[in-house]
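Subject: Structure handover

Hello,

Here is the structure I said I would pass on. My notes on it follow below.

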Amino acid sequence: MSMTRITRLRRSLEELFPERHLYVRSGGEMRAYVLTTSKQLMAAAGVGAAALWMGICTAAMMVNGMQMSASDQEIARTQAKYERWIADRQARLNSAVAQLNATNGSIDDLALSVEKRHAALAMLLSDYKTTPGAADALAPEIHKASADLSVTDPVRRIELVRAGQERLLDSADSFAKGRAERLRMAFRLAGLSPNGYAPKSGELGGPLIEAKDPSALAAVLDVDEDFAARIQHAATNLSEARTLGAAAEKLPLAKPTSAGRQSSGFGVRFDPFTKRPAFHSGLDFGGGFMMPILATGPGVVSFAGVRSGYGNTVEIDHGQGFKTRYAHMQAIAVKPGQRVAVGQRVGGMGSTGRSTGVHLHYEVWVNGRAQNPSRFVKAGEYVQQAAD
């Protein structure tokens with residue numbers, strides 16, 4: 001079987017490469033060459049080997065070229081990255097040089113810039129003087145913003161002062177923002193919307209926030225625009241905190257007595273006389289006979305006398321629909337039409353009217369509707385924490 005395959009293969013090769021005769025005439029002579037099948041096979045094998053070698057070489061060159069191209073691209077990217085870095089550093093250097101050239105490299109000019117920033121900060125901090133807790137919160141940063149006399153290099157001292165100014169401005173902004181947020185929370189605790197008491201757009205006052213455009217404020221203060229924008233932001237937060245604080249001071253948020261014991265809450269309870277469920281429209285505070293009863297907010301005494309069921313009663317109108325009532329008093333210390341301040345004594349604790357013992361019955365009314373006084377007391381405590 002193998003001999004038959006060999007014979008068939010040999011015949012196929014002879015048919016593919018038949019014996020050929022080549023005649024060449026040269027110089028009047030004729031020469032004959034015989035190309036046998038074996039010679040043609042050898043020539044074909046040589047040509048095939050040469051073609052294969054050229055293909056391998058070409059592929060290797062192409063792969064090498066692609067690898068070099070990827071490497072060149074990576075090198076180009078790295079070079080471009082470093083060129084960008086260098087260009088950025090050069091731009092910063094040029095900017096610094098230009099600034100130095102503009103100021104002639106004078107330390108006096110740098111000091112003048114710091115002084116202008118200090119003047120802007122002083123204007124801002126002057127508004128903080130009347131804000132509770134501001135002095136204690138900002139005192140450390142104010143001290144740090146001063147020049148450090150232990151540093152002998154004047155340029156370094158100026159840079160330290162500028163850094164201190166940045167920290168002071170950040171602290172002032174954080175303080176104002178935090179106080180405004182705590183006051184908003186106090187209003188929510190009292191069941192009130194802080195938006196109804198916060199300054200509306202266009203109602204903000206003060207020299208630092210009159211100009212809405214930071215560039216205009218920068219021109220007025222003669223400082224850089226970024227610093228002016230931060231000054232304006234802090235002033236806006238401070239104005240909101242001040243407005244909310246002023247509104248809170250007019251509301252009845254203080255405790256009506258120094259006694260800490262609350263004997264009865266707001267809402268439905270069992271009436272001590274009928275022993276049936278009944279609505280209790282205020283808070284009861286237990287205490288000693290003739291213990292001082294205090295106004296929970298500034299206002300005008302609208303009633304001072306005896307009311308049915310309440311006994312000796314004082315009612316104070318705080319404005320904007322707010323009214324407080326103090327009942328079962330033993331003694332009354334104010335008169336109708338009298339203006340009272342928060343914490344002012346309005347009478348002494350007793351047990352007059354429909355009462356089972358010495359205590360104060362305290363109510364808060366808003367626009368003719370009884371409210372839960374405990375919410376206002378808690379809101380007042382939160383306001384006090386904001387001031388600390």
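F289, M290 and V358 make a nonpolar surface patch of about 260 Å². Please keep in mind that this is a predicted model. Of the patch residues, V358 lies in the loop that runs between β12 (345-349) and β13 (359-366). V358 counts as partly exposed because its relative accessibility is 32%, and the buried class ends under 20%.

The strand after that loop takes up much of these notes. β13 is mostly covered, with seven of its eight residues buried.

Pairing of β13:

- Strand β6 (residues 283-286) runs antiparallel to β13 and is joined to it by four bridges. Within this pairing, F285 has L360 of β13 as its bridge partner.
- Strand β10 (residues 322-332) is also antiparallel to β13, with six bridges between them. Here F322 is the bridge partner of V366 in β13.
- Strand β14 (residues 369-371) is joined to β13 by three bridges, again antiparallel. V364 stands opposite Q371 of β14.

β13 and β14 form a hairpin with two residues between the strands, and N367 takes a positive phi near 55 degrees there.

Next, the nonpolar core. The largest one has 33 residues, and F187, L192, V314, I316, Y326, V346 and F376 are those with the most contacts inside it. At least two residues of this core are supplied by each of α5 (154-189), α7 (225-250), β6, β9 (311-319), β10, β12, β13 and α8 (373-387). β13 gives the largest share of this core, four residues.

Two buried acidic side chains have polar contacts that you may want to look at.

The first acidic residue is D284, which is found in strand β6. D284 has a relative accessible area of 5%, so it is buried, the cut-off being under 20%. The side chains of D284 and H361 are joined by a polar contact of 3.0 Å. As for the directions of the side chains in β6, L283 and F285 point one way while D284 and G286 point the other way, and all are buried. In a regular strand, side chains alternate between the two faces of the sheet.

The second acidic residue is E315, placed in strand β9. With a relative accessible area of 3%, E315 is therefore buried as well. A polar contact of 2.8 Å joins the side chain of E315 to that of R325.

One last item concerns the start of the chain. P18 sits in the loop between α1 (2-16) and β1 (20-26). P18 counts as partly exposed because its relative accessibility is 31%. P18 and Q40 are 22 residues apart along the chain, and their C-alpha atoms are separated by 8.6 Å.

If you look at just one element, I suggest β13: seven of its eight residues are buried, and it supplies the largest share of the core with 33 residues.

Regards

Technical notes:
Residues numbered from 1 in each chain as written. Predicted model: local features only at pLDDT ≥ 70, side-chain atom pairs only at ≥ 80, totals over all residues. Heavy atoms only, no water. Patch = residues over 30% accessible without salt bridge, like charges linked within 9 Å, V, L, I, M, F, W, Y side chains within 5 Å. Areas by Shrake-Rupley, 256 points an atom, 1.4 Å probe, with all protein chains shown as cover. Salt bridge = Lys/Arg side-chain N within 4 Å of Asp/Glu carboxyl O. Buried < 20%, exposed > 50% of the residue type's maximum accessible area, 1.4 Å probe, protein only. Pairing = 2+ DSSP bridges. Core = buried A, V, L, I, M, F, W, Y, C linked by side-chain atoms within 4.5 Å. Polar contact = N/O pair within 3.5 Å; in protein donor to acceptor, adjacent residues only side chain to side chain.
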